[in-house]
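Colleague: I have the file open. Can we go through it step by step?

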Amino acid sequence: MKLEQMFAGRTKRMKASEIRELLKLLDQPGIISFAGGIPDPALFPAEAFSKALSACMTDHAASALQYSVSEGYRPLRGWLVGEMAKIGVPCDVDNILITSGSQQALDYLGRLFLSPGDTALVNWPTYMGALGAFNPYEPRYDQLSINGNRAPEDYVQAAQEATGGRVKFAYLSSDFSNPTGETVDLRGRQNLLDLAEAVDCAVIEDAAYQALRYDGSDIPPILALEIARKGDIEACRTIYCGSFSKTLSPGLRVGWIVAAKPVIAQLVLMKQASDLHSPTLNQMAINHVARSCFEDHVATVRGAYGARRDAMLAALATYMPPGVDWTRPEGGMFVWLTLPVAVDGADLLAQALETQKVAFVPGHAFFADGSGRNTIRLSFSCADEATIDEGVRRLAAALRAALGA
Ligand code: PMP
């Protein structure tokens with residue numbers, strides 16, 4: 001008997017993440033890794049969490065250890081209402097669902113919208129975890145373009161002709177995206193809303209990195225722009241996904257969705273069916289820490305990552321051979337490199353690991369169509385400035401060798 005033969009058809013599109021497989025190789029001594037896009041554990045507010053957890057257990061043990069409501073811990077949703085108002089999103093607690101990380105939000109939104117053959121519009125490249133979350137719902141992907149060079153009818157017609165499905169949503173990581181580090185400017189956000197209106201689809205705004213800006217000015221979330229157009233979140237097609245993973249702690253798995261109430265109500269049913277609710281104690285601890293030191297802590301994190309971003313951009317300018325191009329992110333954790341077309345990012349990784357002991361993520365895994373072979377993603381979040389300089393020097397040496405220069 002082979003149980004594998006009984007797996008549902010949807011499992012065919014569930015593939016091991018290249019990053020997660022790669023991370024297993026990085027324990028070897030001496031490797032400088034720009035691979036995982038994870039927060040630096042040295043920056044976790046460990047003491048604040050220690051106090052928060054002990055306060056939750058001392059004062060509220062009965063509720064902290066008990067089942068709780070699927071919508072999420074109400075005081076935390078209350079705090080988020082205040083935070084969302086600050087960024088131009090007036091809403092109330094019933095517009096918010098707490099999820100187990102924003103990754104769960106992406107899974108639920110895939111489940112909410114996608115029937116097999118429906119189309120999801122995504123950037124080429126996009127967050128590979130979003131593709132991983134949507135894939136089991138068997139969508140077709142089409143390339144999202146927000147600079148107006150493709151007519152809305154074209155998306156609709158292409159979806160119809162390819163699979164008979166319809167365009168259900170456009171997904172994008174709006175600030176300091178994973179993987180490119182780029183931010184969608186105000187005009188791009190307005191164009192996207194126009195496109196979504198014309199196509200009549202939802203917008204999934206992944207704001208996982210939004211708080212991590214190091215310079216430049218904040219740009220209102222797409223949801224804020226849509227509320228400004230329509231006057232009320234209840235009239236909006238944008239669904240905002242936030243996360244505490246990059247600011248406070250990824251291990252506690254707390255994220256949130258903000259959307260019109262009928263969307264939240266359906267997602268709550270999904271949450272009930274899937275895991276009943278996110279862990280009560282984790283939500284309470286996040287609420288405690290957020291209320292005591294969120295702004296100060298985020299300022300510290302921004303300062304540290306900003307210096308690392310600067311170190312990486314400076315090292316790239318110093319060491320990279322001609323023919324390499326890279327993004328200049330205003331925040332987040334990533335710089336995206338476009339290499340000469342003859343260089344394959346996956347081959348370069350194998351070589352760089354072996355000869356230079358430096359790691360990164362080949363870019364093609366972020367493309368829904370598997371293209372982008374000559375791209376790579378570097379993360380600057382987990383190395384100090386001197387290590388970043390040395391790692392980029394090594395990477396440039398591996399690249400020169402690959403180019404025969
Ligand atoms: N969106 C983006 C763009 C991400 O980079 C990540 C984490 N790498 C997530 C969502 C998921 O994060 P979490 O589930 O920890 O909130």
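Modeller: Start at the ligand: a polar side-chain atom of Lys246 lies 3.1 Å from a nitrogen atom of the ligand. Keep in mind that this is a predicted model.

Colleague: How much of the ligand's accessible area does the protein cover?

Modeller: On its own the ligand has 400 Å² of accessible area, and the protein covers 91% of that.

Colleague: Which side chains have an N or O atom by an oxygen atom of the ligand?

Modeller: Ser245 is one of them, with a side-chain N or O atom 2.6 Å from a ligand oxygen. Asn178 is another, with a polar side-chain atom 2.8 Å from an oxygen atom of the ligand.

Colleague: Which other residues are around the ligand?

Modeller: The residues around the ligand include Gly101, Ser102, Gln103, Tyr127, Asp206 and Arg253. By class, the shell has three nonpolar, six polar and three charged residues.

Colleague: Which helix gives the most to that shell?

Modeller: Helix 4, residues 101-113, which gives three residues.

Colleague: New topic. Which residues of helix 8 are buried?

Modeller: In helix 8, residues 222-230, the buried ones are Ile222, Leu223, Ala224, Leu225, Glu226 and Ile227.

Colleague: What covers them?

Modeller: The cover includes helix 7 (186-199) and four strands: strand 5 (167-173), strand 6 (202-206), strand 7 (238-243) and strand 8 (255-258).

Colleague: And what follows helix 8?

Modeller: Gly231 follows helix 8, and the phi of Gly231 is positive, near 90 degrees.

Colleague: Glu226 is on your buried list. Which salt-bridge network is Glu226 part of?

Modeller: A network of salt bridges links Glu226 with Arg166, Glu197, Asp200, Lys230 and Arg237.

Colleague: Why would such side chains pair at all?

Modeller: Side chains of opposite charge can pair when their charged atoms come close.

Colleague: Take one pair from the network. How far apart are the N and O of Asp200 and Arg166?

Modeller: The side chains of Asp200 and Arg166 meet in a salt bridge at 3.9 Å, N to O. Asp200 lies in the loop between helix 7 and strand 6, and Arg166 in the loop between helix 6 (152-163) and strand 5, so the pair ties together parts 34 residues apart in sequence.

Colleague: Are those two buried or partly exposed?

Modeller: Asp200 is partly exposed, with a relative accessible area of 43%. Arg166 is partly exposed as well, at 42%.

Colleague: How many salt bridges are there in total?

Modeller: The count comes to 24 salt bridges. One of them joins the side chains of Lys261 and Asp92, at 3.2 Å from N to O. Lys261 lies in helix 9 (residues 261-274) and Asp92 in the loop between helix 3 (74-86) and strand 2 (96-99), so this pair ties together parts that are 169 residues apart in sequence.

Colleague: How exposed are Lys261 and Asp92?

Modeller: Lys261 is partly exposed, at 32% relative accessibility. Asp92 is also partly exposed, at 33%.

Colleague: What about Glu390 and Arg393?

Modeller: Glu390 and Arg393 form a salt bridge, with the closest N and O atoms 3.0 Å apart. The two residues are three apart in helix 12 (residues 385-403), which means about one helical turn separates them.

Colleague: Why does that spacing matter for which way they point?

Modeller: An α-helix has 3.6 residues a turn, so residues three or four places apart point the same way.

Colleague: And how exposed is each of the two?

Modeller: Glu390 is partly exposed at 26% relative accessibility, and Arg393 is partly exposed at 37%.

Methods
Residues are numbered from 1 along each chain as its sequence is written. This is a predicted model: local features need pLDDT of at least 70, side-chain atom pairs count only at pLDDT 80 or more; totals for chains, interfaces and linings use all residues. Side-chain values use heavy atoms; hydrogens and water are left out. A residue is near a molecule or strand if one of its heavy atoms lies within 4 Å of it. A polar contact is a pair of N or O atoms within 3.5 Å; within protein, one must be able to donate a hydrogen and the other to accept it, and residues adjacent in sequence count only if both atoms are side-chain atoms. Accessible areas come from the Shrake-Rupley method with a 1.4 Å probe; for residues, only the protein chains shown count as cover. Ala, Val, Leu, Ile, Met, Phe, Trp, Tyr, Cys and Pro count as nonpolar, Asp, Glu, Lys and Arg as charged, and the others, Gly among them, as polar. Buried means under 20% relative accessible area, exposed over 50%, partly exposed in between (1.4 Å probe, protein chains only). Contact means heavy atoms within 4.5 Å. A salt bridge is a side-chain nitrogen of Lys or Arg within 4 Å of a carboxyl oxygen of Asp or Glu.
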